[in-house]
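Student: I should like a close look at a single part of this model, set in the context of the whole. Please describe its surface, its packing and its neighbours in one connected account.

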Amino acid sequence: MPRPRNEAPSTVDPALARALWQALGLALLVVVLPVLAFGQAPLGPAASFWLPALPALALLTLHRRFLASAWRAHLVRATPRRRQRFAARAARPASRARPGAFARAA
């Protein structure tokens, strides 16, 4: 059943987030340390890519609401085209009806 839009988003489980961060750190160590120690990757190029990519993708999915709100607040609204469009919308009146036409009767 879909949630109403005005309901607060669910919080991220801290144990799951911590486990994913630890998995990402461990995967990076498994990929980077053999290269630094021996000069070559024993896992191969495919595993060297996918091993840290999987926990990173899981973290991005887990924190998607935070990332989406940051994207909307910082990057999307800062474009000059959107600023012009919203400034033009605010300058014109919202409706041509009489100002009190839709007011509730007291």
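Tutor: Buried residues make up 11% of the 106 residues in the protein. Here buried stands for under 20% relative accessible area, exposed for over 50%, and partly exposed for values in between, with a 1.4 Å probe and protein chains only. The model is predicted, and local features need pLDDT of at least 70, side-chain atom pairs count only at pLDDT 80 or more, while totals for chains, interfaces and linings use all residues. Residues are numbered from 1 along each chain as its sequence is written, and side-chain values use heavy atoms, leaving out hydrogens and water.

The fold sets the scene. Four helices and zero strands make up the secondary structure, in the order α-α-α-α along the sequence; these elements are DSSP runs numbered from the N terminus, with H or I over at least four residues for a helix and E over at least two for a strand. About 9400 Å² of the protein is exposed, of which carbon and sulfur atoms supply 65%; such areas come from the Shrake-Rupley method with a 1.4 Å probe, and for residues only the protein chains shown count as cover. Of the contacts (heavy atoms within 4.5 Å) with a separation of 6 or more, 61% join residues 24 or more positions apart.

The part to examine is helix α2, which spans residues 45-62. Its surface comes first. Phe49, Trp50, Leu54, Leu57, Leu60, Phe66 and Leu67 form a nonpolar patch with about 760 Å² of accessible area together. To join a patch, a residue needs over 30% relative accessible area and no salt bridge; nonpolar side chains (Val, Leu, Ile, Met, Phe, Trp, Tyr) are joined within 5 Å, and like charges within 9 Å. A salt bridge would place a side-chain nitrogen of Lys or Arg within 4 Å of a carboxyl oxygen of Asp or Glu. Both α2 and α3 (64-76) supply at least two residues of the patch, but the largest share, five residues, comes from α2. Leu57, in helix α2, counts as partly exposed because its relative accessibility is 46%.

Two members of this patch also make up the one aromatic pair in the structure. Phe49 and Trp50 meet edge-to-face, at 5.0 Å centre to centre and 80° between the planes. Rings of Phe, Tyr and Trp (its six-membered ring) pair if their centres lie within 6.5 Å, and planes under 30 degrees apart count as stacked, over 60 as edge-to-face and the rest as tilted. Phe49 counts as exposed because its relative accessibility is 51%, whereas Trp50, at 46%, is partly exposed.

Other residues of α2 show its packing. Ser48 belongs to helix α2 and, at 18% relative accessibility, is buried. Beyond its neighbours within four places in sequence, Ser48 is in contact with Val31, Ala41 and Leu43. Leu59, also placed in helix α2, is buried at 5% relative accessibility. Leaving out residues up to four places away in sequence, Leu59 touches Ala17, Leu20, Trp21 and Leu24; its C-alpha atom lies 9.3 Å from that of Leu16, 43 residues apart along the chain. Ala56, in helix α2, is partly exposed at 26% relative accessibility, and its C-alpha atom is 8.1 Å from that of Trp21, 35 residues away in sequence.

The partner helix gives the other side of this picture. The buried residues of α1 are Ala17, Leu20, Leu24, Ala27, Val31 and Pro34, and they pack against α2. Helix α1 has 25 residues (14-38), which at 1.5 Å a residue should span 36 Å; its end C-alpha atoms are 36 Å apart, so the two agree. The expected span is 1.5 Å times one less than the number of residues. Just after α1, Gly39 adopts a positive phi of about 85°.
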